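Got the viewer open? Here is a short tour, one selection at a time.

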Amino acid sequence: MLAFAIRRLVQAIGVMLVVALISFIMFRFVGDPVNQLVGVDTSPEDRAALREALGLNDPVLLQFGRFILRAAQLDFGISYQFKQPVAALIASRLPATLELSLVSAFFALAVGVPMGVFTGLYPRSWASRAFLAISLIGVSLPTFLIGILLIFLVSVNLGWLPSFGRGAVVDIGFGWTTGLLTTSGLQSLILPSITLGLFQMTLIMRLVRGEMLEVLRTDYIKFARARGLSRRAINFGHALKNTLVPVITITGLQVGSIIAFAIITETVFQWPGMGLMFLQAVQSVDIPIMAAYLLLIAFLFVTINFIVDLLYVAVDPRIRLGGARG
Amino acid sequence: MSDATEAAPVETAARAPGLVARLRDNDIWFSFTRSPITVISAVVTLLLLLSALFAPLIAPHDPFDPATLSIMDSFFPPAWTGEGDPRFLLGTDDQGRDILSTILYGMRISLAVGFASVLFAMVVGVTLGLLAGYLGGVVDSVIMRIADVQLTFPAILIALLIDGVARGVAGPNSYQDIVFGVLVLSIGLSFWVQYARTVRGSVLVEKNKEYVLAARLIGLRPWTIMVKHVLPNVLGPVLVIATINLALAIITEATLSFLGVGVPPTQPSLGTLIRIGNDFLFSGEWWITIFPGITLAILALSVNLLGDWLRDALNPKLR
């Protein structure tokens, strides 16, 4: 177990180094950092002085080392666009994105698992067919289109829910603003979370359905039926419990992509999170924000993957022998 | 699996005479005719493809010819709503462009970018997969480690990053000229991994078979063996991935264009049209965004269904 964990950790660090190299190359070689920081009327001497002060004349390897060292201390430089430290900008946008992502993941689980159980237990009922049709739409339609259609139906036509922004937010300390404590904040969360979570919901539903169909055919379920256990005990106590391992893994892995896909949802709903800021950075070539966002997302992904890998081994010892891929 | 792949070279030799008969008696054709949803989605896909291909002939207006546009025609609702104009079946946008025509032309661009990026991803992925599988060793580990790292990130994020970097390198003015190339590059590069992994897996199986050994024995160069002998035998799964990826590529292009980093408004794709129309959603001009949106949904859904069916039909485990 320990050897496995260490091997995984080394791999994770390797991935982070590669990603750091990519963001360093972006940071250093896409556009000229000096030109981005000074005005047009700055003299060549001042530019040269700034270049020297920023350490841009040092050997590239030294610069890369310094980049990693600074990134480890959460210092990602100054945004070209906002002229503020990138770390502070991201920190101010982080709560919005994390809240949206977690509520979406919760929605995906809370709706996807029961739908999957139902379609697995009654595969021939009309409701199951309807659920499957919905899931097909959830998989095929682009996220932004789902968002627009929801805005059109619920906000524009029915006028039930707000279609943009976070509503009123409350500061609960450490600079963390939450919309979970106000009515308008909660109302604003509904449409974006459905939009963001729909894909994951369909994924979870199909997964649970497939696992349930498989498990219900196994001998121990037949045996439980022969013993005369109640349907509820069989379906939930025995069958569902055994489907949950892959569900937990997939959900864990999906949290990362939810955060990345938040870029699209945040744009549709003008949600003031990291994704919207990243998109604006791409449009205006604000490299420090792009590099920092890339590193942050990579870190989240690698951490989640690492934890999920360890959990997997803890739950299913067979994997240790086979040696998971890679 | 091994039976099918071993039989393939023999079949290739006998393919020329009765292709139609072979297709008719094929069990893939049989499974196709037995699945009504697949037939419907194939017909819909074909209709959309043809109408995009012949857009200049069937579109009632030319939305890119400024001479035919009139600002007086702007914001007409669809023809059946009463306030609409019978000349514009699905209404007009803010510049007086006919929505139906912009959709037909937009679909052309969406499909062109989709096909081009799938082709690009296929060429890159298949080449790297062949190299990794056939050469093995350091080449293999380097390519597959890159694939592993890339696989951890969602495709859309990679496409966005490539796009952002291209903007920075090219500068704002010349960026407009290369935007289509950048789109194909960024979507293609975010999808190559699947091809590489699949091809590598198949090559690892193929390269120990007698025909490859024989080819090596008569002194063919590795590149010739890879391209002429191994490649034809590993292409089946590649085509399945390509079909499924086409839907994904179209969606990714639409998403990028919607986010404002894709196709410019002067030559709008479906995604750009939805983005333009989105600004008018709240003022009541819903048709500008909803009709391109529905078109995109139908296109993505039918290509997806086709890909799903193809995957199941070619998967021997499910037969």
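How many residue pairs are in polar contact between chain B and chain A? Just 1 residue pair, with both residues at pLDDT 80 or more; a polar contact is a pair of N or O atoms within 3.5 Å, and within protein one must be able to donate a hydrogen and the other to accept it, while residues adjacent in sequence count only if both atoms are side-chain atoms.

Some ground rules: this is a predicted model, where local features need pLDDT of at least 70, side-chain atom pairs count only at pLDDT 80 or more, and totals for chains, interfaces and linings use all residues. Residues are numbered from 1 along each chain as its sequence is written, chains are lettered from A and ligands numbered from 1 in the order written, and side-chain values use heavy atoms, without hydrogens or water.

Next, select the contact (heavy atoms within 4.5 Å): 38 residues from chain B and 39 residues from chain A. Look for salt bridges (a side-chain nitrogen of Lys or Arg within 4 Å of a carboxyl oxygen of Asp or Glu) and you get 0 between these chains.

Now colour chain B by helix (DSSP runs of H or I, at least four residues, numbered from the N terminus). On the side touching chain A, α8(B) gives the most, with 10 residues.

Last stop: α12(B). Here 8 of the 9 residues are buried, so this helix is largely enclosed by the rest of the structure; buried means under 20% relative accessible area with a 1.4 Å probe, protein chains only. Among the buried ones are Leu270(B), Ile274(B) and Asn278(B). Show their neighbours too: the buried residues of α12(B) pack against α7 (143-157) of chain A, together with α6 (99-135), α11 and α13 of chain B.

Methods. Helices (H or I, at least four residues) and strands (E, at least two) are DSSP runs, numbered from the N terminus. Buried means under 20% relative accessible area, exposed over 50%, partly exposed in between (1.4 Å probe, protein chains only).
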